[in-house]
Amino acid sequence: MARNIITKNLPHNPGVTGWNAILPEDSPPHILAKNVNADWLIIGGGFAGLSAARRLSQLAPDSRITVLEAGRIGNGPAGRNSGFMIDLPHVLSSEDYAGDSTEDLLQMAMNRRAIAFALDAADEYGLDSEIISQSGKVNGAATSKGVAHNLAYADHLDHLAEKYEILDAQHMKELCGSDYYNQGLYTPVTTMLHPAAYVRGLRDGLRNKVSIYENSPVLSMTKTGADWQAKTPDGAITAPQIILAVNGHAQSFGFFKRRLMHIFLYASMTRALHTEETRKLGGNPRWGITPSDPVGSTIRRISGQSGDRIIVRNQASFVSSMQVPDRVAIAKRTHHERSFAARFEHMSGIEMEHSWGGKLCLSLNDVPAFGAIEDGITAACCQNGLGTARGTLSGIVAADLVTGNLYDNHQSLERMLSYPEPKKLPIEPFATIGATLTIKYREWRAGKEV
Ligand SMILES: Cc1cc2nc3c(=O)[nH]c(=O)nc-3n(C[C@H](O)[C@H](O)[C@H](O)COP(=O)(O)OP(=O)(O)OC[C@H]3O[C@@H](n4cnc5c(N)ncnc54)[C@H](O)[C@@H]3O)c2cc1C
C-alpha cells in the first residue's frame, strides 16, 4: 500500500526581515511548475537544506539534486536570525575544570567544521566580508552576575586552552560606543553573517549544480515502490531519497510529534544612521555582542553598502501552533526600542525601520532530530537555537550519511547518530503554560541584560 503524508502547517514568517529588506531586490523565483525526476530531493532552503545540497553536489557531482523551499530563500528563519555562527557551546559542560571535556571539544570541533564549510562556500561563491567574516564576538555583561558568568566561562576556556580576551568597561565603550556594559568576553572564532545575503549567496552559487525551486511548498508526499513523490501546488518531484531540512516543521510532516518546541524570537533593525549620527555613536563600524544571560539582548552593528545600522534581538515566545501574526512581531519593537535607548542614551531619535519574528526549534534534551526516520527519508532538523552552525553541520553530515560517505567528518556523523530521540513534551496546555512561565521568569531574572 502506498504511504501518504499530507503536510499540515505551512510556514508563516511574521514581519519583514530587515536583513532581506536592506538587500537589492531579489531575482524572480524559480517555481516548480512541472514533474521532475531526481536522485535527491532536499526539502527546506535554510542552512541545513542548502548545506546538504552543496555537500551532495561535492560527493555526487553527477547526480540530480533538487531543493524545494516553501517561500523565498532569505525570507525564512535562515534570513531572520542575528547572524552569529558560534563555535563555542553556550554552556561548557564540565563543572570542575579537571572534569571530562570530551563533549565540549567535540561540539566545538563540529561547530568549527560548519564554520569552515561556510567560509569555503563564501570563497567559492565570492561572498564578501559584509556577508561573512570571521571577526569573533563579545559576550557582553551589564550586571555583576553577567561579569561572574563571563569569568567562570573564561576559566573553562583556560582549561580547554582556548583563546579569549576580557574587555573592561572602557574597552567595551571603545568597541560599541556604549557605557552600558561592565565587561565583555571576546572570543575570536565566531563568524558573523549577513544571514539573508549568505543563504541567497549559497543558492546563487549552487545554481548550476542543483535545481532550486522557491515559493514551492511541499503539500504532500507519497511513496510508491522505491520512490517518493513530493507534490507542490504546481508540480511534483519524484526521488528515491529525501533529506528533510525543515527544522521544527518536521512536525508538520507528521514526524517527531510532541517532541519539538517551537520558539519565536524577535528583532528590530534601525534605519541607516546619518554620518553625523555615526560619529556621535562612536565605536567600531562592525561588532556583535551576545548577552551573558541567554535571554538577554543580542546587539549588532553593521556597516557598508546597506548603511550603518544597529540590530536588537530580544523577547521569545513558545508557540505550539507555529503561527505568529505579523502584528505580534511588530509590537515587540517597543522592547527593542527600550533596550536600544538604555544602551545608547546619547542617540535619541533613531527609529527602528524593520521589526520581525522568526522561529527556531528546541528539544527538551538539547538533541537534534537527525538521521533516517523512514525508508528513503533522512531528517536534518531541530538545531536547538544555534542553527547557523548546527544547521550547516546537520546538512553536511546528512549528505554524508545518504551517500554512504562515512569517512570524512567521521566523528561528527558518529556523534549525530548517537543522540537519543528528542524527549516527549508535556501535553497541552501544560507545555505552553510551563514554557511561557519559564521564559517570562528568565526574562525578568535577566534584568539589565535585556
Ligand atoms: C530573531 C532570531 C535570531 C536568531 N539568531 C541566531 C544566531 O545569531 N545564531 C544562530 O546560530 N541561530 C540564530 N537563530 C536560529 C536560526 O535562525 C535557526 O536555528 C536556523 O535558521 C535553523 O536552520 P535550518 O536550516 O535548520 O532551518 P530554517 O532556517 O528554518 O529552514 C527551514 C526551511 O524549511 C522551509 N519549509 C518548511 N516547511 C516546508 C515545506 N512544507 N515545503 C518546503 N519548505 C518548507 C522553511 O520555509 C524554511 O526556509 C535565530 C533565530 C531568530 C528567529
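Let's start with the second largest pocket in this predicted model. It is lined by 25 residues. Which of them lie nearest its centre? Ser135, Met192, Arg286, Trp287 and Arg301 do. The volume of this pocket is about 340 Å³.

Now the make-up of that lining. Polar residues number 12, with eight nonpolar and five charged. Four strands each supply at least two residues. They are strand 7 (137-141), strand 10 (191-193), strand 17 (287-291) and strand 18 (298-302). Which strand gives the most? Strand 18 does, with three residues.

Next, the closed space. How many cavities of 30 Å³ or more does the structure hold? One. The largest cavity has about 30 Å³ of space. Its lining includes Asp87, Leu88, Arg112, Glu162 and Lys163. Thr187, Pro188 and Val189 line the largest cavity too. By class, four of the lining residues are charged, three are nonpolar and one is polar.

On to the helices. Helix 2 covers residues 47-59, and helix 3 covers residues 102-125. Their axes are 12 Å apart, and the packing angle is about 75 degrees. Angles of 65 to 115 degrees count as roughly perpendicular, so helix 2 is roughly perpendicular to helix 3. Who makes the contact? From helix 2, we have Ser51, Arg54, Arg55 and Gln58. From helix 3, we have Arg113, Phe117, Asp120, Ala121, Glu124 and Tyr125. Five residues of this contact are charged, three are nonpolar and two are polar.

Last, a sheet. This one is open, with five strands in the order 1-12-13-14-2. The pairing is mixed. Which strands stand at the edges? Strand 1 (3-6) and strand 2 (35-37). Each has a single partner strand, so one side of each has no neighbour in the sheet. Ignoring direction, neighbouring strands here are turned by 15 degrees against each other on average.

Look at one of those edges. Strand 2 pairs with strand 14, residues 236-239. In what sense do they pair, parallel or antiparallel? Parallel, over three bridges. Within this region, Asn37 stands opposite Thr238 of strand 14.

To recap. The second largest pocket has 12 polar residues in its lining, and strand 18 gives the most to that lining. Helix 2 and helix 3 pack at about 75 degrees. The open sheet has strand 1 and strand 2 at its edges.

Technical notes: Residues are numbered from 1 along each chain as its sequence is written. This is a predicted model: local features need pLDDT of at least 70, side-chain atom pairs count only at pLDDT 80 or more; totals for chains, interfaces and linings use all residues. Side-chain values use heavy atoms; hydrogens and water are left out. On a 1 Å grid over the protein atoms alone, a cavity is a set of points where a 1.4 Å probe fits but cannot get out, and a pocket is an open set with protein on both sides within 12 Å along at least five of seven lines; lining residues have an atom within 4 Å of a point. Grid points are joined across faces, edges and corners, and a volume is the space filled by probe spheres set on the points. Ala, Val, Leu, Ile, Met, Phe, Trp, Tyr, Cys and Pro count as nonpolar, Asp, Glu, Lys and Arg as charged, and the others, Gly among them, as polar. Axes are lines fitted to C-alpha atoms, for helices over the stretch in contact, and angles run from 0 to 180 degrees between N-to-C directions. Angles under 35 degrees count as roughly parallel, over 145 as roughly antiparallel, 65 to 115 as roughly perpendicular and the rest as oblique. Contact means heavy atoms within 4.5 Å. Two strands pair if DSSP finds at least two bridges between them.
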